Amino acid sequence: MDEKTLRTLIESGGVKQMQIIADGALFHVDVITARQGAITAMTGKGSVKTWSTLDAAAKWVRSLGIGKVQLDIARWDSQQKRLLL
């Protein structure tokens, strides 16, 4: 889901919960909706939107008007190097 669609969904009250999920050294955001379940935030080009720091991901979520988020750091490894594909 791209940011424009996500903002529309938030404004309409369709978001139940948001999660910041760590995977290796990167963070991404999952949006939980009543109808579709978990949806990952995507860039405008269709790839997963990621951040290299927790505060950057949290600032983005806050810029959407969301003040509460669940954090999943089970797979976080701050020492892992990012894989370039």
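**Fold, charge distribution and the setting of His28**

His28 is found in strand E2, which covers residues 26-33. In this predicted model, the side chain environment of that residue can be described from its accessibility and its contacts. With a relative accessible area of 14%, His28 falls under the 20% limit and is therefore classed as buried. When residues up to four places away in sequence are left out of the count, His28 touches Gln19, Ile20 and Ile21, which precede it in the numbering, as well as Thr40, Val48, Lys49, Thr50 and Trp51, which follow it.

The chain that contains strand E2 is built from two helices and five strands, and these elements succeed one another along the sequence in the pattern α-β-β-β-β-α-β. The radius of gyration of the chain is 13 Å, close to the 12 Å that the globule rule gives for 85 residues, so the chain is as compact as a globular protein of that length. Along its principal axes, the C-alpha trace spans about 40 × 25 × 20 Å.

Of the 85 residues in the chain, 29% are buried, and His28 belongs to the buried class. The accessible surface of the chain comes to about 5,900 Å², of which carbon and sulfur atoms contribute 51%. Where contacts are considered between residues at least 6 apart in sequence, 52% of them join residues that are at least 24 apart.

With regard to charge, the chain carries 12 positive and 8 negative side chains, and the centres of these two sets lie 4 Å apart. One salt bridge is present in the structure; it is formed by Glu3 and Arg7, whose closest N and O atoms are 2.9 Å apart. Both residues lie in helix H1, which comprises residues 3-11, and because they are four residues apart in that helix, Glu3 and Arg7 are separated by about one helical turn. The two partners are also described by their accessibility: Glu3, at 28% relative accessibility, counts as partly exposed, and Arg7, with a relative accessible area of 31%, is likewise partly exposed. The salt bridge between Glu3 and Arg7 thus joins two partly exposed residues, whereas His28 in strand E2 is buried.

How values were computed:
Residues are numbered from 1 along each chain as its sequence is written. This is a predicted model: local features need pLDDT of at least 70, side-chain atom pairs count only at pLDDT 80 or more; totals for chains, interfaces and linings use all residues. Side-chain values use heavy atoms; hydrogens and water are left out. The radius of gyration is taken over C-alpha atoms; the globule rule is 2.2 Å times the number of residues to the power 0.38. Buried means under 20% relative accessible area, exposed over 50%, partly exposed in between (1.4 Å probe, protein chains only). Contact means heavy atoms within 4.5 Å. Accessible areas come from the Shrake-Rupley method with a 1.4 Å probe; for residues, only the protein chains shown count as cover. Lys and Arg count as positive and Asp and Glu as negative; His and the chain ends are not counted. The place of a charge is taken as NZ of Lys, CZ of Arg, CG of Asp or CD of Glu. A salt bridge is a side-chain nitrogen of Lys or Arg within 4 Å of a carboxyl oxygen of Asp or Glu.
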